[in-house]
Amino acid sequence: MSSNTNKRSIEDLLKMLAMGETLTSSQEKEMKDYKFWKTQPVPALDEKITKEGPIDDIKTPADVPDTPLPLIKDFEWCTIDIEDDKQLDELYKLLYDNYVEDTDATFRFKYSHEFFKWALMPPKWVKEWHTGVRVKETGKLVAFIAATPVTIKLNKSDTIIDSVEINFLCIHKKLRNKRLAPIMIKEITRKVNKHDIWQALYTGGSILPTPLATCRYQHRPINWSKLHDVEFSHLPANQTKASMLAHYALPNATKLPGLRRMEEKDISQTLSLLNKYQERFDIVEIFNEEEFRHCMLGSNTNETSTSNVIKSFVVENAEGKITDFFSYYLLPFTVLENTHHDELGIAYLFYYATDAKDEKYKPRLTDLITDALITSKQYNVDVFNCLTSQDNTFFLKNCKFGSGDGFLNYYLFNYKTFPMNGGIDPQTKQVIEDTTSGVGVVLL
């Protein structure tokens, strides 16, 4: 296996992350035909948006059926209780064996129980939105889809939308020809509609009708030697291993004075900083303090313990003011069939903000993210990932991120928006440096 081929495989894995399943060739053709999506309230691919707003006529929960959609023979709906360790184990096994895997079966996402609780149990989470499918005869869990509450704001029109994020659509590999995915999407839509919520935000690596923005994956090696060992990164023809290690070397100590781990006492001030900062983007997520605390500090309620999933840091000046913050979450890969390494540490940039302005802005953002990279070393991170969303294009080059082959498309169900900048040129797909994107929301 060549190193170039395997690096592409990882890119494929990242592209498919939000889709939640590996499509067979027949399914790929079916998705390209858009048979299912033509029946849904989404903009057509060739549609020119002239006005923003909901697509379907206004309904009420009373208009929505109370009974679940019929499933194919031998299967039944279920609700997965994330608070029950046995059911959480079932979900872990389903996703580990069937969720997303690179084409060479070399890497798999290694979800933890803590990650599931952080991702699926934010404030206002709804138990019945963790929807599974079981085999009637054996009770085996063979499919899953989740919705979590999220409040979206479209800054240009000052529109606030109560919505959900759709995630973790996973179907057992042996059932990929059963047309379960459309049924599951319709069923989770029904459940969400019963709560008087009519929009959903989701992402996908494939082009569906119709993206509101497209971003490109970016990767920053932290442990280049290990990435090379597992054939994640290749050695350029004009470089040596020593030169690559030197190129990606990071300082041992962070640079910004006042940088420290985020604490409970920082939540209110940091949220205010984020709210002000996010005014620059077209689509953002709105948090209350309880939601922001969960996102930044994790699902642990014990103040003496820290999350193993989400890592958040603030910069506090001498007057006690929070001037900057950054966060990232950890989601490692299991490395299969490698005699030297069994896990790859992966960090994903989450939310950040700074009060720096004008000519100080780009250098400050570069220093902030450089410190994020440095702190990630203590958590055994081997590669640090982000997208061309937010204001990431201001620091990508100076922080030595490289563009991957993967793209992530953002979709809003039952709502039309004007197209948004995803940080890349629509034709060439190359990064547009130092340009604010329209996408301020970060989905898991």
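**View 1. Strand 5 and its pairing partners.** Strand 5 and strand 10 run antiparallel to one another, and 4 bridges link the pair. If you want a spot to zoom in on, try K153, which sits across from V284 in strand 10. This is a predicted model, so treat every close-up here as a look at a prediction. Strand 5 covers residues 141-154 and is mostly covered, with 13 of its 14 residues buried. Strand 6 also pairs with strand 5, again in the antiparallel sense, over 11 bridges. In that pairing, V150 has S163 of strand 6 as its bridge partner. Strand 4 (residues 130-135) is another antiparallel partner of strand 5, with 5 bridges. Here H130 is matched with A146 in strand 5.

**View 2. Two hairpins that share strand 5.** Strand 4 and strand 5 make a hairpin with 5 residues between the strands. Within this hairpin, G139 has a positive phi near 80 degrees. The hairpin of strand 5 and strand 6 has 4 residues between its strands. D158 is in the turn of that hairpin, and its phi is positive too, at about 55 degrees. For background, most residues other than glycine have a negative phi.

**View 3. F168 and K429, two residues with positive phi.** F168 isn't a glycine, yet its phi is positive at about 60 degrees. You'll find F168 in strand 6, which spans residues 159-171. Buried or exposed: which is F168? F168 counts as buried because its relative accessibility is 3%. K429 is another residue other than glycine with a positive phi, near 70 degrees. K429 belongs to the segment after strand 18 (415-416). With a relative accessibility of 31%, K429 counts as partly exposed.

**View 4. The cis peptide bond at P209 and T210.** Going from P209 to T210, the peptide bond is cis, and omega is near -20 degrees. T210 is located in the loop between strand 7 (199-204) and strand 8 (213-221). As a general point, most peptide bonds are trans.

**View 5. Helix 8 against helix 9.** Helix 8 (residues 267-277) and helix 9 (residues 289-297) have axes that come within 10 Å and cross at roughly 95 degrees. That crossing angle is why helix 8 counts as roughly perpendicular to helix 9. On the helix 8 side, the contact uses I267, S268, T270, L271 and L274. Helix 9 brings E289, F292, R293 and L297 to the contact. Sorted by class, the contact has 5 nonpolar, 2 polar and 2 charged residues.

**View 6. What surrounds helix 9.** How many residues of helix 9 are buried? The count is 7 of its 9 residues, so helix 9 is mostly covered. Those buried residues are E291, F292, R293, H294, C295, M296 and L297. For C295, the relative accessibility is 14%, so this cysteine counts as buried. The cover over the buried residues of helix 9 includes helix 4 and helix 8. Strands contribute to the cover as well, among them strand 10 (283-286), strand 11 (310-316), strand 12 (322-330) and strand 15 (346-354).

**View 7. Helix 3 against helix 4.** The axes of helix 3 (residues 85-98) and helix 4 (residues 113-120) come within 10 Å, crossing at roughly 95 degrees. An angle like that makes helix 3 roughly perpendicular to helix 4. Helix 3 puts D85, L88, D89, L91, Y92 and L95 into the contact. From helix 4 come H113, F116, K117 and L120. Split by class, the contact residues are 6 nonpolar, 1 polar and 3 charged.

**View 8. The open sheet of strands 3, 13 and 14.** This sheet is open and has 3 strands in the order 3-13-14, with antiparallel pairing. Which strands sit at the edges? The edge strands are strand 3 (107-109) and strand 14 (343-344), each pairing on one side only. Strand 3 pairs with strand 13 (residues 333-335) over 3 bridges. One position to look at is R108, which stands opposite T334 in strand 13.

**View 9. Cysteines and disulfides.** How many disulfides does the model have? The count comes to 0, with a disulfide taken as a pair of cysteine sulfur atoms within 2.5 Å. C78 has a relative accessible area of 14%, so C78 counts as buried.

Conventions
Residues numbered from 1 in each chain as written. Predicted model: local features only at pLDDT ≥ 70, side-chain atom pairs only at ≥ 80, totals over all residues. Heavy atoms only, no water. Pairing = 2+ DSSP bridges. Buried < 20%, exposed > 50% of the residue type's maximum accessible area, 1.4 Å probe, protein only. Axes fitted to C-alpha atoms, helices over the stretch in contact; angles between N-to-C directions. Parallel < 35°, antiparallel > 145°, perpendicular 65-115°, else oblique. Contact = heavy atoms within 4.5 Å. Nonpolar A, V, L, I, M, F, W, Y, C, P; charged D, E, K, R; others polar.
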